[in-house]
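Q: I would like a close look at a single part of this model, with the cut-offs behind each term spelled out.

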Amino acid sequence: MLSAMSDTGPGYPDQSTKRMAARVIGVVCMGIALVLFALAVADMLSAFNSDEFGAQPTRMWMFFAALPFFLVGGIALNAGFMGAGVKYAAGEVAPTARGTLDYLDVGEAGVACPSCGARNEESSAFCDDCGQPLTTLCPSCKHPNATDAKFCAACGTALT
Ligand SMILES: [Zn+2]
Ligand SMILES: [Zn+2]
């Protein structure tokens, strides 16, 4: 699948790469934030449960250290999933859920790939999932038309 993405031709070769990078950064940052949170909470709980008088949690800083990771992770995930946002738990980022996410992440907007059905941005020339062209270039004036168009929208040339 990755090779298909990088073979999308002269159109938007690095668009999906950037999106994938944002997804990876987002997931990694969220993972770090969750680990820091978990450590801080565990430390707090152990301090509260301690018999030792005046025991204080010593890892509160982790709680605050986690916040910027949450922020960065949230922004990156938002960018990576085009507004589907951070409401999706990390588990749903798993490859098995990709089809669902691809459908959800542009919602009603965008253009469906005629080959695999994945939704793509309106401006995309190639499917970011399978690399198939999303437009038919007019042989006469090079205007990009919808793949199911019968005549060029710009000059009327038959596209069949
Ligand atoms: Zn496709
Ligand atoms: Zn034309």
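Which residues of H3 are buried?

A: This is a predicted model, in which local features need pLDDT of at least 70 and side-chain atom pairs count only at pLDDT 80 or more, while totals for chains, interfaces and linings use all residues. Residues are numbered from 1 along each chain as its sequence is written, and chains are lettered from A and ligands numbered from 1 in the order in which they are written.

The buried residues of H3 are Met62, Ala66, Gly73, Ala76, Leu77 and Gly80, where buried means that 20 or more other C-beta atoms, placed from the backbone, lie within 10 Å of the residue's own, exposed means 12 or fewer, and partly exposed lies in between. These residues cover an arc of only 95° around the axis, taken from the directions from the helix axis to the C-beta atoms, and therefore sit on the same side of H3. On the other side of H3, Phe64, Leu67, Pro68 and Leu71 are exposed.

Helix H3 itself (helices being DSSP runs of H or I with at least four residues, numbered from the N terminus) comprises the 21 residues 60–80, whose end C-alpha atoms are 30 Å apart, in agreement with the 30 Å expected at 1.5 Å times one less than the number of residues.

Helix H2 (15–49) is included in what covers the buried residues of H3, contact being C-beta atoms, placed from the backbone, within 7 Å. The largest nonpolar core, a set of buried Ala, Val, Leu, Ile, Met, Phe, Trp, Tyr and Cys residues joined through C-beta atoms within 7 Å, has 10 residues, among them Met62, Ala66, Ala76 and Leu77. H2 and H3 are the elements that give two or more residues to this core, and H2 gives the most, with five residues.

Key
Contact = placed C-beta atoms within 7 Å.
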